[in-house]
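User: Could you take a close look at one part of this model for me? I'd like the local picture, then a quick word on the partner chain.

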Amino acid sequence: MSIRGKTAIVGVAESDLGEVGPGFTPLDLIGQATNRALADAGLEKGDVDGLFSASVYYQMPTLSVGEYLGIRPRYSDATMMGGSSFVSHLLHATVAIEAGLCEVALITYASTQLSDGGFRGVSDPPNPYETPYEPRYPVSMYALSASRHMHEYGTTREQLAEVAVAAREWAKLNPKAFVRNDLSVEDVLASRLVSSPLSILDCCLVTDGGGALLVTSAERAKDLRKPPVYLLGVGEAHWHRNISQMPDLTTTAATDSGRRAYDMARVGPEDVDVAMLYDAFTINPILFLEDLGFCEKGEGGTFVEGGRIAPGGELAVNTNGGGLSYNHPGMYGLLLLIEAVRQLRGECTERQVGDAEIALAHGNGGVLSSQVTALLGTESVL
Amino acid sequence: MEELSEKKASVEAPAVAYRRHLENGKLGYQRCTDCSVAVFYPRVLCPFCGSSALEWCESVGRGTVYATTAVHSRNRAPRNVVLVDLDEGFRMMSRIEGVPAEEVEIGTRVRFEVHQVDEPVAVFVREES
């Protein structure tokens with residue numbers, strides 16, 4: 001039995017973003033986002049009977065979220081595999097809805113890391129095989145991948161910088177983007193190295209923020225406020241947790257998650273109008289463009305040259321400005337789904353991609369560890 | 001020493017056995033006696049075939065730099081972090097000592113040493129040509 005087209009995203013919203021100020025908690029932002037998403041969908045809080053969340057703040061996130069919101073779910077899923085978790089929740093929610101275990105699923109997340117003093121990540125116990133060498137988590141792990149990609153395929157720092165510049169050009173079209181000033185390849189190359197070959201401008205932002213997303217059956221979705229955005233296909237994959245266990249640092253498990261998602265959706269990369277590719281670091285979209293079939297392995301660096309993924313380029317990538325220039329509240333997978341939905345609804349004003357019917361939303365988690373790919377579509381492609 | 005390590009393999013925690021090898025100046029790793037693959041980090045089962053028949057081995061300690069980064073922090077010199085592919089067929093994180101952090105190159109042949117400050121740590125130096 002295929003789950004293609006069986007569920008739809010019917011409500012999306014961000015919380016306040018950027019820097020929300022002292023005293024606000026992630027749960028406060030989840031509350032903001034949830035109310036906005038319910039209003040977007042035309043649903044009531046009492047309609048929600050499935051709850052999905054992940055967190056680095058709360059060890060039992062759906063319990064904390066359920067309590068704060070006053071939701072008593074009959075289906076609860078706190079799958080945690082980093083920033084991709086929320087794309088994974090979309091699959092899990094669809095399966096639960098199809099099985100009749102819940103009808104309206106709320107997927108929500110927020111962080112107040114910037115207002116709390118800076119990057120806040122996971123707190124695994126020390127790893128005796130990595131911790132003694134003091135890599136900076138997670139940037140050094142992505143830097144190791146970038147070093148290998150440069151070595152094997154001749155990818156350059158200039159090409160990495162092109163990813164940051166394209167994201168900034170999109171961000172200039174998004175009033176909600178955290179940074180919108182001019183950025184050049186030269187600026188990226190001249191910025192402070194954090195973990196070579198990655199400089200500070202090759203790294204995503206550290207911001208507050210969060211979001212909420214409502215999923216229900218395709219049948220129920222038809223009667224709600226906004227045009228449904230259907231889930232066409234989704235696939236998840238993970239091969240490692242620690243970077244020293246990643247089999248080939250230039251090939252991610254997105255090769256598996258993407259194939260699973262494309263097969264379920266019965267589409268290919270050539271059908272994608274908007275690609276939201278989790279850009280925690282500039283190397284990420286290069287790897288994902290390759291692993292998700294937009295170009296051959298090793299050609300990602302060339303692919304992003306000359307503004308090809310910037311506004312007006314050949315492929316619309318990360319149209320909200322991405323984790324690099326829009327917002328990155330610790331985990332970003334939910335926010336890239338929200339942008340994909342808005343593009344398919346035609347709500348993106350200045351940055352709207354014309355006639356967008358199919359969007360790919362790709363989440364990444366850990367240190368290139370978990371990969372989850374979703375394909376979303378309008379009613380016209382069902 | 002070899003006899004001791006074999007006897008203890010089934011009762012000693014993998015991380016403890018690894019540490020004991022380092023304390024003796026050795027780089028320990030495991031080999032699966034069923035599928036022959038080299039296993040690192042140490043575990044209680046082979047992640048390739050699932051067998052629990054893992055035996056401890058001592059690496060010759062020679063390998064090749066697979067990936068490298070220099071980590072920059074305020075108020076200290078950049079430090080190098082690498083992944084090294086050992087000749088026995090396993091990969092580990094480490095650092096290359098005796099070379100400026102930014103000058104470590106992928107493909108460089110390196111040799112294992114134990115670096116002891118508070119704890120014994122497996123590090124590498126460039127192999128003399």
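User: Which helix and strands of chain A are included in what covers the buried residues of H2(A)?

Analyst: Keep in mind that this is a predicted model. What covers the buried residues of H2(A) includes helix H1 (26-41), plus three strands of chain A: E2 (50-53), E3 (75-77) and E4 (104-111). As for what sits under that cover, H2 of chain A runs over residues 61-69, and its buried residues are Pro61(A), Thr62(A), Ser64(A), Val65(A), Gly66(A) and Leu69(A). A handy thing to have in mind when you look at that list: an α-helix has 3.6 residues a turn, so residues three or four places apart point the same way. Just past the helix comes Gly70(A), and the phi of Gly70(A) is positive, near 70°.

Now for chain B. Chain B has two helices and nine strands, and along the sequence the pattern reads α-α-β-β-β-β-β-β-β-β-β, with the helices ahead of the strands. Taken along the principal axes, the C-alpha atoms of chain B fill a box of roughly 45 × 30 × 30 Å. Of its 129 residues, 48% count as buried. Looking at contacts in chain B with a separation of 6 or more, 47% come from residues 24 or more positions apart.

On the outside, chain B exposes about 6500 Å², with carbon and sulfur atoms supplying 48% of that area. As for charge, chain B carries 16 positive and 20 negative charges, and the mean positions of the two sets are 4 Å apart.

Methods: Residues are numbered from 1 along each chain as its sequence is written. Chains are lettered from A and ligands numbered from 1 in the order in which they are written. This is a predicted model: local features need pLDDT of at least 70, side-chain atom pairs count only at pLDDT 80 or more; totals for chains, interfaces and linings use all residues. Side-chain values use heavy atoms; hydrogens and water are left out. Buried means under 20% relative accessible area, exposed over 50%, partly exposed in between (1.4 Å probe, protein chains only). Helices (H or I, at least four residues) and strands (E, at least two) are DSSP runs, numbered from the N terminus. Contact means heavy atoms within 4.5 Å. Accessible areas come from the Shrake-Rupley method with a 1.4 Å probe; for residues, only the protein chains shown count as cover. Lys and Arg count as positive and Asp and Glu as negative; His and the chain ends are not counted. The place of a charge is taken as NZ of Lys, CZ of Arg, CG of Asp or CD of Glu.
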